[in-house]
Amino acid sequence: MEKIAVVAIGGNSLIKDKNHSTVEDQYNAICETVSHIVNIIEEGYKVVITHGNGPQVGFNLRRSEIAEESEGMHPVPLVNCGANTQGSIGYQIQQAFDNEFLKRGINKKAVSVVTQVEVDKDDKAFINPTKPIGSFYTKEETNKLRNEHPDWVLIEDAKRGYRRVVPSPMPKNVVEKDAIKDLINTGYVVIAVGGGGIPVIRDEEKYFKGVDAVIDKDYASSLLAIELKADLFIVSTGVEKVCINYGTDKEKALDKLNIEETKKLIEEGHFAPGSMLPKINAILNFLENSNGKAIITSPEKLKESVKGEDGTHLIK
Ligand SMILES: Nc1ncnc2c1ncn2[C@@H]1O[C@H](COP(=O)(O)OP(=O)(O)O)[C@@H](O)[C@H]1O
Ligand SMILES: NC(=O)OP(=O)(O)O
């Protein structure tokens, strides 16, 4: 029986760097990552793709605000901006797969699922926004923006500049999980929980209702991987391996980690809170609630990593 791999693709698979952030650049970056993922499919895995949307959801929101400020157009709520990114990014990933399959003569198709993810309406994240979205600003730009938009919350994002932050509640339930399972079983490559999923709560009568927030895609991907009983949860990001003493002259790349070793390294502060730590925590959640294994690696090293020759492997 084919094994299931959930592959979470990070920022660099969508936007290479800040000079390559047009829609066309994004498609080219996606095509490159997708070509590496098709190698995993050729290794015998059924693949589910999840992706981020931090920059894109922020750009969408800002476009809506500027259109409202200058033309009086109706605003687009944050939750709808996020839903829009599932369509626009999902479309590009889907097309990149279809074209790569055509190129390699593989009889497969990809399909994106507009995915709602339930969150707790009382999640403390709603009063403590932490998720960076959209553009990076300098300190001077940030001071100006704070005066112009007193309702915005701007913070320094992993020493890379300042960004606007929005609430990021924890994902609790993937609403479309059964449809996703059916599509995988039918042989589709499924693209799901894009941007962490569209955050929804249940009202008093248990009806779904969208809420303005952006869910962390690594946590949502982990939840989906557990739901699907995935054999492998792969986090594809900007580094080939997880390191200790990252960014220092004592940096050391790690090949293998178990839960206990990983928790010790978290305590010792080896994983940066705005970047590697959420990925590690998402993987721990997966390892503790499934029988699967996890890998952190870069898109270029996906094939070697699945064969056990590269990447950092995380196990129970
Ligand atoms: N201990 C660590 N080992 C490896 N990379 C780390 C570590 N701590 C922080 N990082 C950084 O975290 C980045 C991944 O986080 P981020 O760029 O936010 O992810 P995404 O690919 O989802 O956009 C890596 O590219 C690396 O720069
Ligand atoms: N939603 C989300 O986590 O997006 P990024 O990974 O792009 O920040």
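Q: How do you know that the radius of gyration of the protein agrees with that of a compact globule?
A: In this predicted model, the value to set against the rule is 19 Å, whereas a compact globule of 316 residues would have a radius of gyration near 20 Å, so the two agree. The C-alpha atoms fill a box of roughly 55 × 45 × 45 Å, taken along the principal axes, and buried residues make up 42% of the 316 residues. Among contacts between residues at least 6 apart in sequence, 74% join residues at least 24 apart. The secondary structure comes to 10 helices and 17 strands.

Q: What makes helix 8 roughly parallel or roughly antiparallel to helix 9?
A: The axes of helix 8, residues 259–267, and helix 9, residues 276–288, come within 11 Å and cross at roughly 155°. Angles over 145 degrees count as roughly antiparallel, and therefore helix 8 is described as roughly antiparallel to helix 9. Helix 8 passes helix 9 in a left-handed crossing.

Q: Which residues of helix 8 and helix 9 meet?
A: On the side of helix 8 they are Ile259, Thr262 and Ile266, and on the side of helix 9 they are Ile280, Leu284, Leu287 and Glu288. Sorted by class, this contact has 5 nonpolar, 1 polar and 1 charged residues.

Q: Why is Ile259 called buried, exposed or partly exposed?
A: Ile259, which has its place in helix 8, has 14 C-beta neighbours inside 10 Å. A residue needs 20 or more to be buried and 12 or fewer to be exposed, so Ile259, with its 14, counts as partly exposed. Not counting residues up to four places away in sequence, Ile259 touches Leu284, Leu287, Glu288 and Lys316. Ile259 and Ile89 are 170 residues apart in sequence, and their C-alpha atoms are 33 Å apart in space.

Q: What makes helix 7 roughly parallel or roughly antiparallel to helix 9?
A: Helix 7, residues 217–227, and helix 9 pack at an angle of about 15°, with their axes 8 Å apart. Since angles under 35 degrees count as roughly parallel, the conclusion is that helix 7 is roughly parallel to helix 9. The crossing of helix 7 and helix 9 is right-handed. The contact is made by Asp218, Tyr219, Ser221, Ser222, Ala225 and Ile226 of helix 7, together with Pro278, Lys279, Ala282, Ile283, Asn285 and Phe286 of helix 9. By class, these residues come to 7 nonpolar, 3 polar and 2 charged.

Q: Why are helix 2 and helix 4 called oblique to each other?
A: The axes of helix 2, residues 23–42, and helix 4, residues 78–104, come within 9 Å and cross at roughly 50°. An angle under 35 degrees would count as roughly parallel, and one of 65 to 115 as roughly perpendicular; the pair fits neither range, and helix 2 and helix 4 are therefore oblique to each other. Helix 2 passes helix 4 in a right-handed crossing. In this contact Gln26, Tyr27, Ile30, Cys31, Val34, Ser35 and Val38 of helix 2 meet Gln92, Ile93, Ala96, Phe97, Glu100 and Arg104 of helix 4. The residues of the contact divide into 8 nonpolar, 3 polar and 2 charged.

Q: How do you know whether Val193 is buried or exposed?
A: Val193 has 34 other C-beta atoms within 10 Å, and because the cut-off for a buried residue is 20 or more, Val193 is buried. The place of Val193 is in the loop between strand 9 (189–191) and strand 10 (198–202).

Q: What is the phi of Val193, and what is the phi of Lys229?
A: Most residues other than glycine have a negative phi. Phi of Val193, however, is near 40°, a positive value, and phi of Lys229 is near 50°, also positive in a residue other than glycine.

Q: How do you know whether Lys229 is buried or exposed?
A: Lys229, in the loop between helix 7 and strand 12 (232–236), has 11 other C-beta atoms within 10 Å. As 12 or fewer is the condition for an exposed residue, Lys229 is exposed.

Q: Why is Lys209 called buried or exposed?
A: Lys209, which lies in strand 11 (residues 208–210), has 11 C-beta neighbours inside 10 Å, so Lys209 counts as exposed. Leaving aside its neighbours within four places in sequence, Lys209 is in contact with Val200, Ile201 and Asp203.

How values were computed: Residues numbered from 1 in each chain as written. Chains lettered and ligands numbered in written order. Predicted model: local features only at pLDDT ≥ 70, side-chain atom pairs only at ≥ 80, totals over all residues. Axes fitted to C-alpha atoms, helices over the stretch in contact; angles between N-to-C directions. Helix = DSSP H or I, 4+ residues; strand = E, 2+ residues; numbered from the N terminus. Left-handed = near helix turned anticlockwise from the far one by under 90°. Contact = placed C-beta atoms within 7 Å. Nonpolar A, V, L, I, M, F, W, Y, C, P; charged D, E, K, R; others polar. Rg over C-alpha atoms; globule rule 2.2 N^0.38 Å.
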